[in-house]
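Please look through the structure shown below, following the strands and helices one after another as the text takes them up.

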Amino acid sequence: MALIASSRHEAGSRSFPPLVYILAPLLALGLQSFLSLHFTSFDLIDLPLLITIYYGISMREPMSATVVGAIVGIAQDALTHHPLGIFGITKAVIGYLAASLGVRVDTENHGSRVLLTFAFTLAQTGMLWLLERRMLGQPFAWHWVHEIIRAAANSLFAVILFALLDRTRRES
Amino acid sequence: MESFFSRYRNVLVLITVLLAQVIGLAVQVRAPGPGPADKGGVRLIRSWVVGMVTPPERLFRWTGHSIRGVWFGYIDLIHVRKQNRDLQTQLGQLRLEEDSLAEDARQGLRLQALLGFQEKYIYKTIAAQVIGTSGTEQSHVLFIDKGADEGLRPDMPVITPDGIVGKTRDVFAHTSQVLEISDATSGAGVILVNTRIRGVLRGDSWGQPQIVNVSPDERIKPGEPVVTSGGDGIFPRGLAVGSVQRVVSEPEGTLVNIQVKPAANLSRLEEVLVITSTGSQMPSQMQDDLSQAEQKTADILAERLPSRSEPNAAPAASGSTAAQQPSPDTGLPTTPPPPPPAEHPDRFSMGATPPAADMVPGQPISPNAVEPTGGSNPSASPPAPDDRHARPATTAGSGSSGSVSPQTAKPGARNQGTASQHPAKPAPGSPGTGSGSTPQGGN
């Protein structure tokens, strides 16, 4: 399988089957929960975040991406013991930003995808720190090296995942 | 106005979504309810998400278990016989150790009863398989495949045979969420075994369990075991938690935190036990195990220790043999055998000493009073006042010849101690063990 992103023109004329909109987030949540149990280091990867970013840069509709991000985030919150809305808020913002940038920047090449994912991963951790530490008063670990490793791991994983998701798109 | 909404539609939607979630957060944080679990709509949302996510996890789990079951149950069985023999040997050793602890346990129970201390015993546990996690570093929770339909409720202790894991939090119909002890919002009452220092165990923001806000103490050393104290009302007392890893001083303040290495491997959990029922009385099964342990230990010791009966000696008295005949109902002897007659009676032999009222201070014991049942032996007659110094040598020699060696006496003493619950079963070939002349064996 060639890991080649489609051109901007091709991407604009494609859409996803409705089933993918439902199954991809669910599969991301399930795999995240299951793989973290068997591979401790897998919790560096945030599959729901990658799905949110991908939908944002693919759909290029900030309103839809915001709602999708909020739903995915709340579902992720539901699997934790934290109050619902922490991941919901962060992923809603990430979805909005990804869709807004998708309109202006060519997000169909791997370089921009890596950079965007790196930046969004750091942005999400920053928002989580703000919400948990400052707003809720909960303990939250922050270590720059750890966060950069996490962002880099997500960026590399995103290249493969986005290429796989590209193949589910169809001509509209 | 219409152009304003259409122009800033995206931003308005974003603000609306964020505002709604911030309000929702505030409501949840402000009124979490009486228990740790969520209530109302939040619980419903969690239930939906868990209901959608966990079925595929169960399927993955089941597939993995099936493959491993075929491999380990039918193919990878090399060295099983040798391992079985080693385990049998180990089991025998453990039974011996269990016996030595059984008396201490009984004594502890009696003392607890005297003090009115309420001990919590584990009555019932439910085994559950771990099927998933939260998937994030910020939330150390697990999902297990048992829920309210199997009798689980929030705040039940979750353990493994190695140590404690956490407690149930949200309990759904067939799935439960377990909050691990490594989470920053968890809490468990613990005590250090050697120094008896109490504290609260919770995880730090990196998921490292630690006992927080402890007064500095030089006696706290790495490796010291940590067990539950029972003070939190959730975990029964005495469950293994882990061992001290290191002591960390707080940047400000005079207190220290003690980092604990968990006894249970929290990153490799597959099966756990949920304690669903506890009580203040020792379970009947545990009582039976305790009694049977003493019985089995006596058998093991009898097989291993050398017999005291001499090969050329005459057969034992018929009464003694009959007394050791096992009961047809239980297979255990009905009455203990009578003590063997003393070969060299002396003043230490039973019945040889006159009553204290008949004795006069400073005067030797009357020969008639000292005359034991086997008084025909001249060596047993009391010495004259002038040869009083010879007595210790005589008594010492007779004492050693008529006594039971410590090795053979111990199981007899144990049996004597449990005679109220189980008929004494003397070790074959060691008639002295059940003589009943060992006063320290009584309870």
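In this predicted model, a convenient place to enter is a single pair of residues, since B:A188 stands opposite B:L201 in β7(B). The two residues belong to a pairing of strand β6 (residues 188–192) of chain B with β7(B), which runs in the antiparallel sense over four bridges. These two strands form a hairpin with five residues between them, and within that hairpin B:R196 takes a positive phi near 60°. B:R196 has this positive value although it is not a glycine, and its place is the loop between β6 and β7 of chain B. As for its surroundings, B:R196 has 9 other C-beta atoms within 10 Å and is therefore exposed, the limit for that class being 12 or fewer.

Strand β7 of chain B, which covers residues 198–203, shows an alternation of its side chains: B:G199, B:L201 and B:G203 point to one face and are buried, whereas B:R198, B:V200 and B:R202 point to the other face and are not buried. B:L201, the partner of B:A188, thus belongs to the buried set.

From β7(B) the path leads on to strand β8 (residues 209–214) of chain B, with which β7(B) pairs in the antiparallel sense over four bridges. Here the bridge partner of B:R202 is B:Q210 in β8(B). The hairpin formed by β7(B) and β8(B) has five residues between its strands, and B:G207 in the turn has a positive phi of about 85°. B:Q210 also leads to the next strand, as it stands opposite B:Q259 in β11(B); strand β11 of chain B spans residues 256–262 and pairs with β8(B) in the antiparallel sense over three bridges.

These pairings belong to a closed arrangement, a barrel of six strands in chain B that runs β6-β7-β8-β11-β10-β9 with antiparallel pairing. From one strand to the next, the twist averages 45°.

Chain B also holds a barrel in which six strands close in the order β1-β2-β5-β4-β3-β12, again with antiparallel pairing. Neighbouring strands of this sheet are turned against each other by 45° on average, direction ignored. One of its pairings joins strand β4 (residues 164–171) of chain B to β5(B), in the antiparallel sense and over four bridges, and in β5(B) the bridge partner of B:G166 is B:E180. Helix α3(B) packs on the sheet, where it touches β1, β2 and β4 of chain B, and its direction makes about 80° with that of β1(B).

A loop of chain B, between β2 (141–144) and β3 (157–159), contains B:D155. Phi of B:D155 is near 70°, a positive value in a residue other than glycine. With 15 other C-beta atoms within 10 Å, B:D155 is partly exposed, whereas B:R196 is exposed.

Where does chain B meet chain A? In contact are 40 residues of chain B and 33 residues of chain A. On the side of chain B that touches chain A, the elements giving two or more residues are α2 (9–30), α3 (40–75), β1 (121–133) and β5 (176–180) of chain B. The largest share of that side comes from α2(B), with twelve residues. By class, the residues of chain B on this side divide into 20 nonpolar, 14 polar and six charged.

Within chain A, the account turns to helix packing. Helix α4 (residues 62–78) of chain A packs against helix α5 (residues 86–104) of chain A at an angle of about 155°, with the two axes 7 Å apart. Angles over 145 degrees count as roughly antiparallel, and α4(A) and α5(A) are therefore roughly antiparallel to each other. The contact of α4(A) with α5(A) has 14 nonpolar, eight polar and two charged residues, and α4(A) passes α5(A) in a right-handed crossing.

A further pair consists of helix α3 (residues 47–59) and helix α6 (residues 110–135) of chain A, which pack at an angle of about 125° with their axes 11 Å apart. That angle makes α3(A) oblique to α6(A), and the crossing of these helices is right-handed. In this contact, A:L49, A:L50, A:I53 and A:I57 of α3(A) meet A:L116, A:T117, A:F120, A:T121 and A:Q124 of α6(A). Sorted by class, the residues of the contact of α3(A) with α6(A) are six nonpolar, three polar and no charged.

Key:
Residues are numbered from 1 along each chain as its sequence is written. Chains are lettered from A and ligands numbered from 1 in the order in which they are written. Axes are lines fitted to C-alpha atoms, for helices over the stretch in contact, and angles run from 0 to 180 degrees between N-to-C directions. Angles under 35 degrees count as roughly parallel, over 145 as roughly antiparallel, 65 to 115 as roughly perpendicular and the rest as oblique. A crossing is left-handed if the near helix is turned anticlockwise from the far one by less than a right angle, and right-handed if clockwise. Ala, Val, Leu, Ile, Met, Phe, Trp, Tyr, Cys and Pro count as nonpolar, Asp, Glu, Lys and Arg as charged, and the others, Gly among them, as polar. Two residues are in contact if their C-beta atoms, placed from the backbone, lie within 7 Å. A residue is buried if 20 or more other C-beta atoms lie within 10 Å of its own, exposed if 12 or fewer, and partly exposed in between; C-beta atoms are placed from the backbone. Two strands pair if DSSP finds at least two bridges between them.
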